[in-house]
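Biologist: Could you take one helix of this protein and walk me through it slowly? I'd like to know which way its residues face and what they pack against.

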Amino acid sequence: MGRILALDYGSKRTGIAITDELQLIASGLTTVATAELMDFLKKYIASEKVELILVGEPKQKDGTHSNIEAEIQQFLKKFSEVFPDLEVKRVDERYTSKMAFQTMIDSGLKRKQRQNKALVDEISATIILQEYLYNK
């Protein structure tokens, strides 16, 4: 069984989370500059067995897509060209950034640590992955 990798795609940074081989535990992996995302994925997927990619689907409260969706669609098109055999699923990511920030507060991180946007993105990707695992 391969791992599931989740992406919280952003214009500047993308948070990444991954499961264990049994697809039971979701863990934050890293945050990478979005400009370097495809190179990172090529290296990671070459070294680890990944069977599914989850990409957050940012929506407004009314269910319409947020502005970054057009950028995500461009990424998905390029991704499918590079990895034609790798399944991609979209996961509603509404409120994940707020949940990630609250998680940081609840875990006792100091204010300066909570200002680390890369950590928020990584935790958001982990929440996306946890939601998928819980509902699959």
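Modeller: Here is a close look at helix α2 and its surroundings. Keep in mind that this is a predicted model, where local features need pLDDT of at least 70, side-chain atom pairs count only at pLDDT 80 or more, and totals for chains, interfaces and linings use all residues. Residues are numbered from 1 along each chain as its sequence is written, and side-chain values use heavy atoms, with hydrogens and water left out.

Helices (H or I, at least four residues) and strands (E, at least two) are DSSP runs, numbered from the N terminus. So α2 covers residues 69-82, 14 residues in total, and spans 20 Å from first C-alpha to last, close to the expected 20 Å (1.5 Å times one less than its number of residues).

Now the inside. Glu-69, Ile-72, Phe-75, Leu-76 and Phe-79 of α2 are buried, meaning under 20% relative accessible area, with exposed being over 50% and partly exposed in between (1.4 Å probe, protein chains only). Looking down the axis, the buried residues of α2 sit within an arc of 110°, so they line one face of the helix; the arc is that of the directions from the helix axis to the C-beta atoms. An α-helix has 3.6 residues a turn, so residues three or four places apart point the same way.

Turned away from that buried side, you'll find the exposed Ala-70, Gln-74, Lys-77 and Glu-81.

As for neighbours, the buried residues of α2 pack against β1 (3-8), α1 (37-47), β4 (50-57) and β5 (87-92), with contact meaning heavy atoms within 4.5 Å. Seen from the α1 side, α2 is among the elements covering the buried residues of α1.
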